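Hi,

Here is the structure I promised to pass on. Have a look at it first, and then read on for what turned up.

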Amino acid sequence: MSDASAAPWPTGIKLKKAERILEITFDDGVSFALPAELLRVESPSAEVQGHGSAQKKTVPGKANVAIDTLEPVGNYAVRIVFDDGHDTGLFTWETLYRLGRDSEKIWTDYLAALARQGLSRD
(Lines give C-alpha, C1' and ligand atoms only; values in the text may rest on other atoms or scores of the structure.)
Protein backbone atom coordinates (compact mmCIF):
# COMPACT_ATOMS: atom_id res chain seq x y z
CA MET A 1 0.00 0.00 0.00
CA SER A 2 1.74 3.11 -1.15
CA ASP A 3 -0.60 5.52 0.63
CA ALA A 4 -1.05 5.02 4.39
CA SER A 5 -4.75 5.82 4.09
CA ALA A 6 -5.34 3.41 1.21
CA ALA A 7 -7.15 0.17 1.89
CA PRO A 8 -5.22 -3.03 1.22
CA TRP A 9 -5.65 -4.31 -2.31
CA PRO A 10 -5.05 -7.93 -3.32
CA THR A 11 -2.63 -8.62 -6.14
CA GLY A 12 -3.04 -12.39 -5.99
CA ILE A 13 -5.51 -14.88 -4.54
CA LYS A 14 -4.97 -18.62 -4.74
CA LEU A 15 -7.07 -21.40 -3.24
CA LYS A 16 -5.01 -24.44 -2.29
CA LYS A 17 -7.83 -26.94 -1.83
CA ALA A 18 -5.72 -29.93 -0.81
CA GLU A 19 -3.97 -27.92 1.92
CA ARG A 20 -7.20 -26.10 2.91
CA ILE A 21 -5.38 -22.77 2.60
CA LEU A 22 -6.27 -19.46 0.96
CA GLU A 23 -3.13 -17.62 -0.12
CA ILE A 24 -3.48 -13.91 -0.65
CA THR A 25 -0.89 -11.28 -1.58
CA PHE A 26 -1.48 -7.56 -1.17
CA ASP A 27 -0.14 -4.51 -2.96
CA ASP A 28 2.19 -3.72 -0.04
CA GLY A 29 4.02 -6.99 -0.76
CA VAL A 30 2.61 -8.82 2.27
CA SER A 31 1.35 -12.37 1.73
CA PHE A 32 -0.75 -14.52 4.02
CA ALA A 33 -1.64 -18.21 4.02
CA LEU A 34 -5.02 -18.33 5.75
CA PRO A 35 -6.29 -21.74 6.92
CA ALA A 36 -9.87 -22.62 6.04
CA GLU A 37 -10.63 -23.29 9.71
CA LEU A 38 -9.57 -19.79 10.73
CA LEU A 39 -11.61 -18.23 7.93
CA ARG A 40 -14.68 -20.31 8.85
CA VAL A 41 -14.61 -19.60 12.59
CA GLU A 42 -13.97 -15.89 11.97
CA SER A 43 -16.49 -15.52 9.14
CA PRO A 44 -17.81 -11.96 8.95
CA SER A 45 -21.36 -13.34 8.70
CA ALA A 46 -24.07 -12.42 11.19
CA GLU A 47 -24.30 -16.15 12.00
CA VAL A 48 -20.79 -16.00 13.50
CA GLN A 49 -20.31 -12.33 14.42
CA GLY A 50 -23.86 -11.65 15.59
CA HIS A 51 -25.01 -8.06 15.41
CA GLY A 52 -22.42 -6.66 17.81
CA SER A 53 -19.16 -7.67 19.49
CA ALA A 54 -20.98 -9.08 22.53
CA GLN A 55 -22.91 -11.48 20.28
CA LYS A 56 -19.92 -13.14 18.60
CA LYS A 57 -20.24 -16.92 18.60
CA THR A 58 -17.45 -19.41 19.17
CA VAL A 59 -17.79 -21.96 16.37
CA PRO A 60 -16.59 -25.46 17.34
CA GLY A 61 -15.95 -28.55 15.23
CA LYS A 62 -14.31 -26.94 12.19
CA ALA A 63 -10.83 -28.54 12.32
CA ASN A 64 -11.44 -30.32 9.02
CA VAL A 65 -13.51 -27.71 7.20
CA ALA A 66 -12.47 -27.00 3.62
CA ILE A 67 -13.17 -24.29 1.08
CA ASP A 68 -15.25 -25.41 -1.90
CA THR A 69 -15.18 -22.23 -3.96
CA LEU A 70 -14.40 -18.52 -3.98
CA GLU A 71 -16.91 -16.13 -5.51
CA PRO A 72 -15.85 -12.55 -6.31
CA VAL A 73 -18.19 -9.87 -4.95
CA GLY A 74 -17.74 -6.64 -6.86
CA ASN A 75 -14.20 -5.37 -6.53
CA TYR A 76 -14.16 -5.26 -2.74
CA ALA A 77 -14.68 -8.78 -1.40
CA VAL A 78 -14.90 -12.51 -1.92
CA ARG A 79 -17.59 -14.92 -0.75
CA ILE A 80 -16.05 -18.12 0.56
CA VAL A 81 -18.19 -21.23 0.20
CA PHE A 82 -17.17 -23.80 2.79
CA ASP A 83 -17.82 -27.53 2.53
CA ASP A 84 -20.07 -27.41 5.61
CA GLY A 85 -22.53 -25.27 3.61
CA HIS A 86 -21.60 -21.93 5.20
CA ASP A 87 -21.48 -19.20 2.55
CA THR A 88 -22.97 -16.05 4.01
CA GLY A 89 -19.87 -14.11 5.00
CA LEU A 90 -18.41 -11.52 2.64
CA PHE A 91 -14.68 -11.32 3.22
CA THR A 92 -13.60 -7.81 2.26
CA TRP A 93 -9.96 -7.17 1.41
CA GLU A 94 -9.62 -5.31 4.72
CA THR A 95 -11.02 -8.31 6.62
CA LEU A 96 -8.65 -10.75 4.91
CA TYR A 97 -5.70 -8.44 5.56
CA ARG A 98 -6.63 -8.13 9.25
CA LEU A 99 -7.08 -11.90 9.58
CA GLY A 100 -3.64 -12.44 8.09
CA ARG A 101 -1.92 -9.67 10.05
CA ASP A 102 -3.50 -10.62 13.38
CA SER A 103 -3.85 -14.37 12.83
CA GLU A 104 -1.70 -15.45 15.80
CA LYS A 105 -3.71 -13.42 18.32
CA ILE A 106 -7.04 -14.32 16.70
CA TRP A 107 -6.14 -18.02 16.77
CA THR A 108 -4.94 -17.88 20.39
CA ASP A 109 -8.15 -16.09 21.43
CA TYR A 110 -10.24 -18.66 19.54
CA LEU A 111 -8.52 -21.61 21.24
CA ALA A 112 -8.98 -19.93 24.63
CA ALA A 113 -12.70 -19.36 23.92
CA LEU A 114 -13.13 -23.03 22.96
CA ALA A 115 -11.44 -24.10 26.20
CA ARG A 116 -13.53 -21.70 28.35
CA GLN A 117 -16.73 -23.03 26.82
CA GLY A 118 -15.73 -26.69 26.91
CA LEU A 119 -15.82 -26.93 23.12
CA SER A 120 -13.54 -28.73 20.66
CA ARG A 121 -12.09 -28.06 17.23
CA ASP A 122 -13.09 -31.62 16.22
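Let me start with one pair of residues: Leu 15 has Leu 22 in S2 as its bridge partner. Bear in mind throughout that this is a predicted model.

That pair belongs to a longer ladder, since S1 and strand S2 (residues 21-26) run antiparallel and are joined by 6 bridges. The two strands make a hairpin with 4 residues between them. If you check the turn, look at Arg 20, which has a positive phi of about 55 degrees.

Zooming out, the hairpin is part of an open, antiparallel sheet of 3 strands, ordered S1-S2-S3. Strand S1 (10-16) and strand S3 (31-35) are the edge strands; each has a single partner, so one side of each has no neighbour in the sheet. On average, neighbouring strands here are turned by 15 degrees against each other, ignoring direction. H3 packs on this sheet and touches S1, S2 and S3, with its direction at about 85 degrees to that of S3.

Now the other sheet. Here 3 strands again form an open sheet with antiparallel pairing, in the order S4-S5-S6. Its edges are strand S4 (67-73) and strand S6 (90-92), and each pairs with a single strand, so one side of each is left free of a neighbour in the sheet. The twist from one strand to the next averages 30 degrees. S4 and strand S5 (residues 77-82) are paired antiparallel over 6 bridges, and if you want a residue to begin from, Ile 67 has Phe 82 in S5 as its bridge partner.

Helix H3 (residues 93-101) turns up here too: it lies across S5 and S6 and runs at about 75 degrees to S6. So keep H3 in view when you look at either sheet, as the helix touches S1, S2 and S3 and also lies across S5 and S6.

On to charges. There are 9 salt bridges in the structure. One of them joins the side chains of Arg 40 and Asp 84, at 2.8 Å from N to O. Arg 40 sits in helix H1 (residues 36-41) and Asp 84 in the loop between S5 and S6, so this pair ties together parts 44 residues apart in sequence.

Last, the pockets. What is the volume of the largest pocket? About 160 Å³. Its lining is made up of Glu 42, Lys 56, Lys 57, Thr 58, Arg 98, Ile 106, Asp 109, Tyr 110 and Ala 113. Helix H4 (residues 103-117) gives the largest share of that lining, with 4 residues. By class, the lining has 5 charged, 3 nonpolar and 1 polar residues.

Cheers

Methods: Residues numbered from 1 in each chain as written. Predicted model: local features only at pLDDT ≥ 70, side-chain atom pairs only at ≥ 80, totals over all residues. Heavy atoms only, no water. Pairing = 2+ DSSP bridges. Axes fitted to C-alpha atoms, helices over the stretch in contact; angles between N-to-C directions. Contact = heavy atoms within 4.5 Å. 1 Å grid on protein atoms, 1.4 Å probe; cavity = no way out; pocket = protein on both sides within 12 Å on 5 of 7 lines; lining within 4 Å. Points joined across faces, edges and corners; volume = space filled by probe spheres on them. Nonpolar A, V, L, I, M, F, W, Y, C, P; charged D, E, K, R; others polar. Salt bridge = Lys/Arg side-chain N within 4 Å of Asp/Glu carboxyl O.
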